[in-house]
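Reader: I should like to examine how the descriptive terms applied to a model are justified. Please show the structure, and I shall put my questions afterwards.

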Amino acid sequence: MTAQLRSLDRAFFDLSARVKLRVSGSDRLRFLNGQLTNDVRKATDTTALEACVLNAKGKMEAHLFAHAKGDSFILDANPALQSILQARLERYIIADDVQIEDVTAQLSIFHVIDGSPPNLSIPARIVSVDRFGRAGHDIWCETTQHDQVATGLSKAFDHCDENCAEVFRIEQGIPRWGRELTGDIIPVEANLEQRCIDYEKGCYIGQETISRMKMSGQRNKQLCGLVSVKNVPLAPGMRLTAPEGKEIGWITSATRSGAREIALAYVKRGFNSVGTTLEATSAADATVSVEVVDLPFESA
(Lines give C-alpha, C1' and ligand atoms only; values in the text may rest on other atoms or scores of the structure.)
Protein backbone atom coordinates (compact mmCIF):
# COMPACT_ATOMS: atom_id res chain seq x y z
CA MET A 1 0.00 0.00 0.00
CA THR A 2 1.46 3.38 -1.00
CA ALA A 3 -1.51 5.75 -0.75
CA GLN A 4 -2.02 8.28 2.02
CA LEU A 5 -3.17 6.90 5.34
CA ARG A 6 -4.76 10.07 6.62
CA SER A 7 -8.24 8.84 5.71
CA LEU A 8 -7.67 5.32 7.06
CA ASP A 9 -8.47 4.18 10.57
CA ARG A 10 -6.52 0.93 10.59
CA ALA A 11 -3.04 0.26 9.25
CA PHE A 12 0.03 -1.73 10.26
CA PHE A 13 3.77 -1.23 9.83
CA ASP A 14 6.60 -3.75 10.00
CA LEU A 15 9.32 -2.18 12.17
CA SER A 16 11.32 -5.35 12.70
CA ALA A 17 14.51 -3.85 11.25
CA ARG A 18 14.85 -1.49 14.22
CA VAL A 19 17.74 -2.11 16.61
CA LYS A 20 16.54 -3.62 19.90
CA LEU A 21 18.45 -3.64 23.19
CA ARG A 22 17.59 -5.37 26.48
CA VAL A 23 18.78 -3.45 29.55
CA SER A 24 18.81 -5.49 32.76
CA GLY A 25 20.44 -5.43 36.20
CA SER A 26 19.41 -4.01 39.56
CA ASP A 27 20.57 -0.47 38.61
CA ARG A 28 18.84 -0.41 35.21
CA LEU A 29 16.19 2.21 36.15
CA ARG A 30 18.60 4.63 37.79
CA PHE A 31 21.11 4.18 34.99
CA LEU A 32 18.63 4.79 32.17
CA ASN A 33 17.16 7.81 33.92
CA GLY A 34 20.66 9.29 33.91
CA GLN A 35 20.92 8.75 30.16
CA LEU A 36 17.46 9.46 28.72
CA THR A 37 15.53 12.72 28.48
CA ASN A 38 12.26 11.11 29.58
CA ASP A 39 11.35 9.50 32.92
CA VAL A 40 11.84 5.77 32.52
CA ARG A 41 9.52 5.14 35.49
CA LYS A 42 6.65 5.84 33.08
CA ALA A 43 7.61 2.88 30.90
CA THR A 44 5.59 -0.23 31.77
CA ASP A 45 5.01 -3.68 30.33
CA THR A 46 2.05 -2.28 28.38
CA THR A 47 3.08 1.34 27.71
CA ALA A 48 6.19 2.62 25.96
CA LEU A 49 7.73 6.07 26.19
CA GLU A 50 9.74 8.08 23.70
CA ALA A 51 13.10 9.57 24.65
CA CYS A 52 16.41 10.95 23.41
CA VAL A 53 20.02 10.29 24.32
CA LEU A 54 22.12 13.46 24.32
CA ASN A 55 25.71 14.56 24.62
CA ALA A 56 26.88 17.05 27.24
CA LYS A 57 25.93 19.96 24.94
CA GLY A 58 22.33 18.76 24.64
CA LYS A 59 22.69 17.55 21.05
CA MET A 60 21.22 14.26 19.96
CA GLU A 61 23.09 10.97 19.97
CA ALA A 62 20.01 8.75 19.66
CA HIS A 63 16.21 8.75 19.55
CA LEU A 64 14.39 5.70 20.88
CA PHE A 65 11.34 4.10 22.47
CA ALA A 66 11.46 2.15 25.73
CA HIS A 67 9.13 -0.19 27.58
CA ALA A 68 9.47 -2.58 30.50
CA LYS A 69 9.57 -6.35 30.17
CA GLY A 70 9.67 -8.11 33.52
CA ASP A 71 13.01 -7.32 35.17
CA SER A 72 14.41 -5.46 32.16
CA PHE A 73 13.74 -2.59 29.77
CA ILE A 74 13.57 -3.01 26.00
CA LEU A 75 14.82 -0.13 23.87
CA ASP A 76 14.24 0.17 20.13
CA ALA A 77 15.74 2.67 17.72
CA ASN A 78 16.34 3.38 14.04
CA PRO A 79 18.43 0.67 12.31
CA ALA A 80 21.15 3.24 11.58
CA LEU A 81 21.96 3.24 15.31
CA GLN A 82 22.78 -0.49 15.33
CA SER A 83 26.52 0.04 15.74
CA ILE A 84 26.25 3.16 17.91
CA LEU A 85 23.55 2.98 20.59
CA GLN A 86 24.82 0.07 22.70
CA ALA A 87 28.37 1.42 22.79
CA ARG A 88 27.11 4.91 23.69
CA LEU A 89 25.14 3.59 26.67
CA GLU A 90 27.83 1.19 27.87
CA ARG A 91 30.36 4.03 27.96
CA TYR A 92 28.59 5.35 31.08
CA ILE A 93 28.32 2.06 32.98
CA ILE A 94 30.91 2.58 35.72
CA ALA A 95 30.07 0.65 38.90
CA ASP A 96 26.46 -0.01 37.96
CA ASP A 97 24.78 -3.39 37.95
CA VAL A 98 23.61 -2.97 34.36
CA GLN A 99 23.85 -5.32 31.40
CA ILE A 100 22.97 -4.36 27.83
CA GLU A 101 22.26 -7.07 25.28
CA ASP A 102 21.54 -6.65 21.59
CA VAL A 103 18.37 -8.67 20.88
CA THR A 104 17.69 -7.27 17.41
CA ALA A 105 17.83 -10.66 15.72
CA GLN A 106 15.58 -12.30 18.31
CA LEU A 107 12.56 -10.00 18.21
CA SER A 108 10.18 -8.55 15.61
CA ILE A 109 8.05 -5.42 15.98
CA PHE A 110 4.84 -4.52 14.21
CA HIS A 111 2.97 -1.28 14.84
CA VAL A 112 -0.75 -0.77 14.31
CA ILE A 113 -2.68 2.48 14.16
CA ASP A 114 -5.99 1.87 15.83
CA GLY A 115 -7.84 2.87 18.98
CA SER A 116 -7.76 -0.63 20.45
CA PRO A 117 -5.21 -3.48 20.57
CA PRO A 118 -5.53 -6.10 17.84
CA ASN A 119 -6.80 -9.58 18.62
CA LEU A 120 -4.19 -12.15 17.66
CA SER A 121 -4.31 -15.90 18.08
CA ILE A 122 -0.51 -15.97 18.25
CA PRO A 123 1.16 -15.21 21.61
CA ALA A 124 2.60 -11.69 21.41
CA ARG A 125 3.20 -8.73 23.68
CA ILE A 126 1.09 -5.65 22.98
CA VAL A 127 2.47 -2.27 24.03
CA SER A 128 0.62 1.04 23.71
CA VAL A 129 2.73 3.71 22.01
CA ASP A 130 2.42 6.78 19.78
CA ARG A 131 4.99 6.52 16.99
CA PHE A 132 3.28 8.53 14.25
CA GLY A 133 1.30 11.20 16.10
CA ARG A 134 -1.64 8.80 16.32
CA ALA A 135 -2.72 6.34 19.02
CA GLY A 136 -1.26 2.95 18.27
CA HIS A 137 0.10 -0.32 19.59
CA ASP A 138 3.29 -2.30 19.08
CA ILE A 139 3.09 -6.05 18.67
CA TRP A 140 6.31 -7.70 19.85
CA CYS A 141 6.97 -11.33 18.96
CA GLU A 142 9.80 -13.79 18.47
CA THR A 143 11.46 -13.51 15.07
CA THR A 144 10.36 -17.06 14.33
CA GLN A 145 6.74 -15.87 14.53
CA HIS A 146 7.24 -12.86 12.25
CA ASP A 147 5.49 -14.25 9.18
CA GLN A 148 2.58 -15.63 11.19
CA VAL A 149 1.93 -12.29 12.87
CA ALA A 150 2.23 -10.41 9.58
CA THR A 151 -0.32 -12.72 7.97
CA GLY A 152 -2.69 -12.33 10.91
CA LEU A 153 -2.45 -8.55 10.89
CA SER A 154 -3.02 -8.33 7.14
CA LYS A 155 -6.47 -9.85 7.62
CA ALA A 156 -7.64 -6.91 9.73
CA PHE A 157 -5.30 -4.04 8.84
CA ASP A 158 -3.94 -2.36 5.72
CA HIS A 159 -0.19 -2.87 5.33
CA CYS A 160 1.83 0.34 5.06
CA ASP A 161 5.16 -0.46 3.39
CA GLU A 162 8.38 1.53 3.76
CA ASN A 163 7.45 4.14 1.13
CA CYS A 164 3.97 4.54 2.52
CA ALA A 165 5.36 4.94 6.06
CA GLU A 166 7.73 7.66 4.89
CA VAL A 167 4.90 9.68 3.31
CA PHE A 168 2.76 9.24 6.40
CA ARG A 169 5.39 10.26 8.93
CA ILE A 170 6.20 13.40 6.88
CA GLU A 171 2.50 14.27 6.73
CA GLN A 172 2.35 13.85 10.49
CA GLY A 173 5.46 15.99 11.04
CA ILE A 174 7.33 13.16 12.78
CA PRO A 175 11.12 13.56 12.72
CA ARG A 176 13.28 10.59 11.73
CA TRP A 177 16.82 9.66 12.67
CA GLY A 178 19.25 10.51 9.87
CA ARG A 179 16.93 13.13 8.38
CA GLU A 180 15.51 15.56 10.95
CA LEU A 181 17.39 13.97 13.86
CA THR A 182 21.18 14.19 13.71
CA GLY A 183 24.07 15.04 15.98
CA ASP A 184 23.61 18.73 15.17
CA ILE A 185 20.06 18.92 16.55
CA ILE A 186 18.73 19.65 20.04
CA PRO A 187 15.41 17.81 20.74
CA VAL A 188 13.31 20.93 21.30
CA GLU A 189 14.30 22.18 17.83
CA ALA A 190 12.75 18.99 16.39
CA ASN A 191 9.43 19.51 18.24
CA LEU A 192 10.22 16.63 20.61
CA GLU A 193 9.73 18.58 23.82
CA GLN A 194 6.25 17.26 24.63
CA ARG A 195 6.98 13.73 23.41
CA CYS A 196 10.45 13.09 24.80
CA ILE A 197 11.36 15.43 27.65
CA ASP A 198 10.40 15.25 31.33
CA TYR A 199 11.43 18.41 33.17
CA GLU A 200 10.58 17.00 36.61
CA LYS A 201 12.87 13.95 36.58
CA GLY A 202 16.42 13.82 37.91
CA CYS A 203 19.59 14.83 36.12
CA TYR A 204 20.67 13.33 32.82
CA ILE A 205 23.43 14.04 30.34
CA GLY A 206 22.61 17.20 28.37
CA GLN A 207 19.95 18.41 30.81
CA GLU A 208 21.59 21.80 31.39
CA THR A 209 21.15 22.85 27.76
CA ILE A 210 17.54 21.62 27.64
CA SER A 211 16.61 23.43 30.87
CA ARG A 212 18.29 26.64 29.70
CA MET A 213 16.29 26.59 26.46
CA LYS A 214 13.07 26.05 28.39
CA MET A 215 13.79 29.02 30.63
CA SER A 216 14.69 31.33 27.74
CA GLY A 217 11.86 30.13 25.51
CA GLN A 218 14.11 30.66 22.51
CA ARG A 219 15.67 28.35 19.96
CA ASN A 220 17.83 29.22 16.97
CA LYS A 221 15.87 27.05 14.54
CA GLN A 222 12.66 25.01 14.46
CA LEU A 223 11.36 22.04 12.51
CA CYS A 224 8.57 23.34 10.27
CA GLY A 225 6.25 22.19 7.53
CA LEU A 226 6.60 23.60 4.01
CA VAL A 227 4.21 23.49 1.05
CA SER A 228 5.40 24.17 -2.50
CA VAL A 229 3.42 27.22 -3.64
CA LYS A 230 3.18 26.09 -7.30
CA ASN A 231 3.41 22.34 -6.57
CA VAL A 232 6.96 22.08 -7.86
CA PRO A 233 8.63 19.01 -6.25
CA LEU A 234 10.88 19.62 -3.26
CA ALA A 235 13.90 17.57 -2.17
CA PRO A 236 16.04 16.97 0.93
CA GLY A 237 19.10 19.20 1.02
CA MET A 238 17.49 22.20 -0.69
CA ARG A 239 18.64 25.41 1.01
CA LEU A 240 16.10 27.96 2.20
CA THR A 241 16.53 31.68 1.76
CA ALA A 242 14.57 34.73 2.81
CA PRO A 243 13.31 37.17 0.14
CA GLU A 244 16.46 39.29 0.52
CA GLY A 245 18.66 36.24 -0.18
CA LYS A 246 19.76 35.40 3.37
CA GLU A 247 20.15 31.64 3.97
CA ILE A 248 17.85 30.66 6.82
CA GLY A 249 17.43 26.87 6.73
CA TRP A 250 17.30 23.62 4.80
CA ILE A 251 14.86 20.88 3.78
CA THR A 252 15.31 17.52 5.54
CA SER A 253 12.52 15.38 3.98
CA ALA A 254 10.08 15.86 1.11
CA THR A 255 7.26 13.96 -0.56
CA ARG A 256 4.09 14.28 -2.60
CA SER A 257 0.98 14.21 -0.44
CA GLY A 258 -2.19 13.97 -2.48
CA ALA A 259 -2.01 16.86 -4.94
CA ARG A 260 0.62 18.78 -2.94
CA GLU A 261 4.40 18.78 -2.68
CA ILE A 262 5.31 19.05 1.00
CA ALA A 263 8.49 18.99 3.08
CA LEU A 264 9.92 19.12 6.57
CA ALA A 265 12.64 21.71 7.13
CA TYR A 266 14.63 23.52 9.78
CA VAL A 267 14.01 27.26 9.60
CA LYS A 268 15.82 29.89 11.64
CA ARG A 269 14.09 32.02 14.24
CA GLY A 270 12.40 35.07 12.75
CA PHE A 271 11.52 33.28 9.52
CA ASN A 272 9.47 30.29 10.71
CA SER A 273 6.08 31.84 11.40
CA VAL A 274 3.12 30.17 9.67
CA GLY A 275 2.37 31.91 6.38
CA THR A 276 5.95 33.07 5.73
CA THR A 277 7.05 32.65 2.11
CA LEU A 278 10.60 31.44 1.45
CA GLU A 279 12.68 30.31 -1.50
CA ALA A 280 14.06 26.76 -1.71
CA THR A 281 17.13 26.33 -3.93
CA SER A 282 18.49 23.05 -5.28
CA ALA A 283 22.13 22.14 -6.00
CA ALA A 284 21.41 23.05 -9.63
CA ASP A 285 20.27 26.53 -8.51
CA ALA A 286 16.62 25.86 -9.37
CA THR A 287 14.41 27.97 -7.11
CA VAL A 288 11.00 27.01 -5.70
CA SER A 289 8.66 29.20 -3.64
CA VAL A 290 7.45 27.56 -0.42
CA GLU A 291 5.14 28.56 2.41
CA VAL A 292 5.60 27.71 6.10
CA VAL A 293 2.60 25.78 7.51
CA ASP A 294 1.62 24.16 10.80
CA LEU A 295 2.50 20.56 11.64
CA PRO A 296 1.01 18.07 11.18
CA PHE A 297 -0.03 19.02 7.65
CA GLU A 298 -3.74 19.58 7.18
CA SER A 299 -5.56 17.31 4.77
CA ALA A 300 -5.63 18.78 1.28
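Author: The exchange below takes up the terms one by one and sets each value against its definition.

Author: This is a predicted model, in which local features need pLDDT of at least 70 and side-chain atom pairs count only at pLDDT 80 or more, while totals for chains, interfaces and linings use all residues. Residues are numbered from 1 along each chain as its sequence is written, and side-chain values use heavy atoms, with hydrogens and water left out.

Reader: How many helices and strands does the protein chain have, and how is each defined?

Author: The protein chain has six helices and 16 strands. Helices are DSSP runs of H or I with at least four residues, strands are runs of E with at least two, and both are numbered from the N terminus.

Reader: What makes the protein chain as compact as a globular protein of its length?

Author: Its radius of gyration is 20 Å, close to the 19 Å that the globule rule gives for 300 residues, so the chain is as compact as a globular protein of that length. The radius is taken over C-alpha atoms, and the rule is 2.2 Å times the number of residues to the power 0.38. Along the principal axes, the C-alpha atoms fill a box of roughly 60 × 50 × 30 Å.

Reader: How do you know which cysteines form a disulfide?

Author: A disulfide is a covalent bond between the sulfur atoms of two cysteines. The criterion used here is a pair of cysteine sulfur atoms within 2.5 Å. The sulfur atoms of C160 and C164 are 2.3 Å apart, and these residues form a disulfide. A search of the whole structure finds one disulfide.

Reader: Why is the disulfide of C160 and C164 called left-handed or right-handed?

Author: The torsion about the S-S bond is about -110 degrees, so the disulfide of C160 and C164 is left-handed.

Reader: Why is there no bond between C52 and C196?

Author: The closest cysteine sulfur to that of C52 is in C196, at 4.0 Å, which is too far for a bond. C224 is in no disulfide either, the nearest cysteine sulfur, that of C196, being 18 Å away.

Reader: Why are C160, C164, C52 and C224 called buried?

Author: Buried means under 20% relative accessible area, exposed means over 50%, and partly exposed lies in between (1.4 Å probe, protein chains only). C160 has 2% relative accessibility and therefore counts as buried. C164, at 1%, is buried, C52 is buried at 0%, and C224 is buried at 6%. Of the 300 residues of the protein chain, 51% count as buried.

Reader: What makes W250 buried, exposed or partly exposed?

Author: The relative accessible area of W250 is 27%, so W250 is partly exposed. W250 is placed in strand 13 (residues 247-257). Leaving aside neighbours within four places in sequence, W250 is in contact (heavy atoms within 4.5 Å) with residues including K221, M238 and Y266.

Reader: How is D45 classed, and where is D45 found?

Author: At 42% relative accessibility, D45 counts as partly exposed. D45 is found in the loop between helix 1 (28-33) and strand 3 (49-54). Not counting residues up to four places away in sequence, D45 touches A68, K69, G70, I126 and V127.

Reader: What share of contacts join residues at least 24 apart in the protein chain?

Author: Among contacts between residues at least 6 apart in sequence, 67% join residues at least 24 apart.
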